[in-house]
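User: I am new to this structure and should be grateful for a close look at a single part of it. Please describe the sheet together with what lies against it.

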Amino acid sequence: MDFATFNLAEFEASDSEARAALAARLDQVCQEIGFLVLTGHGVPTDVIEGVWSKTGAFFDQSFDAKARVKAPEPGYPYGYLGPNSEALARSKGEDTPPDLKESFNGGPQSVPEGVTDPEALSFCYVPTIWPEVDGFKVAWTAYYAAMEDLAARVMVAFAAALNLPEDFFAGFIDHPISALRALNYPATGAVALENQQRAGAHTDYGSLTILLPQPGSQGLQVRSPQGEWVDVPAPEGAFVINIGDLMARWTADRWVSTLHRVAVRPHQPARKSLAFFHQPNWDAEIVPLDGSAACEPVRSGPYLMGKFKSSGA
Ligand SMILES: O=C(O)CCC(=O)C(=O)O
Ligand SMILES: [Fe+2]
């Protein structure tokens, strides 16, 4: 299976006929596999290098130093999640050993005016707990902001792909509750436990994931429609994007939220990645776009919270 590439800058610069053709192709890829390589993204190299450098410095610290910024209680969505904290396959009802990874997670940097819902305030709007790594917060927030902008541009392309007015999603994503996760999969030894992966098979929860796998790294795989695990490339200078469960619902399952995992193999070097989980406004009502009753309407925030709580290890 070849991986489709979508060049966002080319789409944005195209006249209406070429734009429609690129949008139709995007629609097709989102129907078939829901994963693609994104080029023409315009995210400055120094923003990307900055976040790699500071998250690398974070993971290089001792466990005790990392544990100083761990989530203060179970279910707290941000901070350091050490080894044995999460098994993503549990979100799919699979009882597996914990994933072989550690992560640092952060959320929106400010609470929009007028948010009073206690669930929103105690879930996605709780503070990110900053590590004492010089320059970490600056590099992290610059990358987070770049991902917010990029996600909004991809959502314009998605609207075109779905034959909607191009600003259709704008009002749903003007106060997004997205999360950024830096992942470190430590080097592997001889064997893992049975059914243990670096990240167990799962689908993502939100509208869109913008993933930056360590360039040239291996292990990320998607489940093809034929039921095979297919390697996802990690090209230098590009992102991998995929549809999450919320987008599948929104499109009444026209688009697929594809099962994926990070497979474990013996004697692998450490692998890093940055996953940005774009999530519409807390209050956004996600109703099937085709007007059908294919999926129950859900609210973005509570839907995410329900999903998140299902993967704790
Ligand atoms: O590390 C990766 O390449 C993918 C991680 C992933 O799928 C996730 O955290 O949802
Ligand atoms: Fe994922």
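Analyst: The following account treats the sheet, then the helices beside it, and finally the surroundings of the ligand.

The model is a predicted one. Its open sheet is formed by 8 strands in the order β1-β2-β10-β7-β12-β5-β4-β3, and the pairing is mixed. The edges are held by β1 (5–7) and β3 (79–81); each has a single partner strand, so one side of each lacks a neighbour in the sheet. From one strand to the next, the twist averages 25°.

The order can be followed from the edge at β1. This strand runs parallel to β2 (residues 35–39), and the two are joined by 3 bridges. Here threonine 5 faces valine 37 in β2. The next pairing is antiparallel, with 4 bridges between β2 and β10. Within that pairing, leucine 36 has isoleucine 241 of β10 as its bridge partner. Strand β10 (residues 239–243) also pairs with β7, again over 4 bridges and in the antiparallel sense. In this case isoleucine 241 in β10 stands opposite isoleucine 210. Isoleucine 241 is thus matched with leucine 36 and with isoleucine 210.

Helix α6 (residues 136–161) lies across several of these strands, namely β4 (102–106), β5 (179–185), β7, β10 and β12. Its direction makes an angle of about 130° with β7.

Helix α6 also packs with helix α3 (residues 45–60), at an angle of about 135° and with the axes 8 Å apart. The two helices are therefore oblique to each other. The crossing of α3 past α6 is left-handed. On the α3 side, the residues that meet α6 are Val47, Gly50, Val51, Ser53, Lys54 and Phe58. Their counterparts in α6 are Phe136, Ala139, Trp140, Ala142, Tyr143 and Ala146. By class, this contact comprises 9 nonpolar, 2 polar and 1 charged residues.

Strands β7 and β12, both crossed by α6, have a further role in the description of ligand 1. The residues around this ligand are Leu183, Ala199, Asp204, Leu211, Pro213, Leu220, His260, Val262, Ser273 and Ala275. Two or more residues of the shell come from each of β7 (208–213), β11 (260–262) and β12 (271–278). The shell has 7 nonpolar, 2 polar and 1 charged residues.

In summary, β7 pairs with β10 in the sheet, lies under the span of α6, and gives residues to the shell around ligand 1.

Methods
Residues numbered from 1 in each chain as written. Chains lettered and ligands numbered in written order. Predicted model: local features only at pLDDT ≥ 70, side-chain atom pairs only at ≥ 80, totals over all residues. Near = placed C-beta within 6 Å. Nonpolar A, V, L, I, M, F, W, Y, C, P; charged D, E, K, R; others polar. Pairing = 2+ DSSP bridges. Axes fitted to C-alpha atoms, helices over the stretch in contact; angles between N-to-C directions. Contact = placed C-beta atoms within 7 Å. Parallel < 35°, antiparallel > 145°, perpendicular 65-115°, else oblique. Left-handed = near helix turned anticlockwise from the far one by under 90°.
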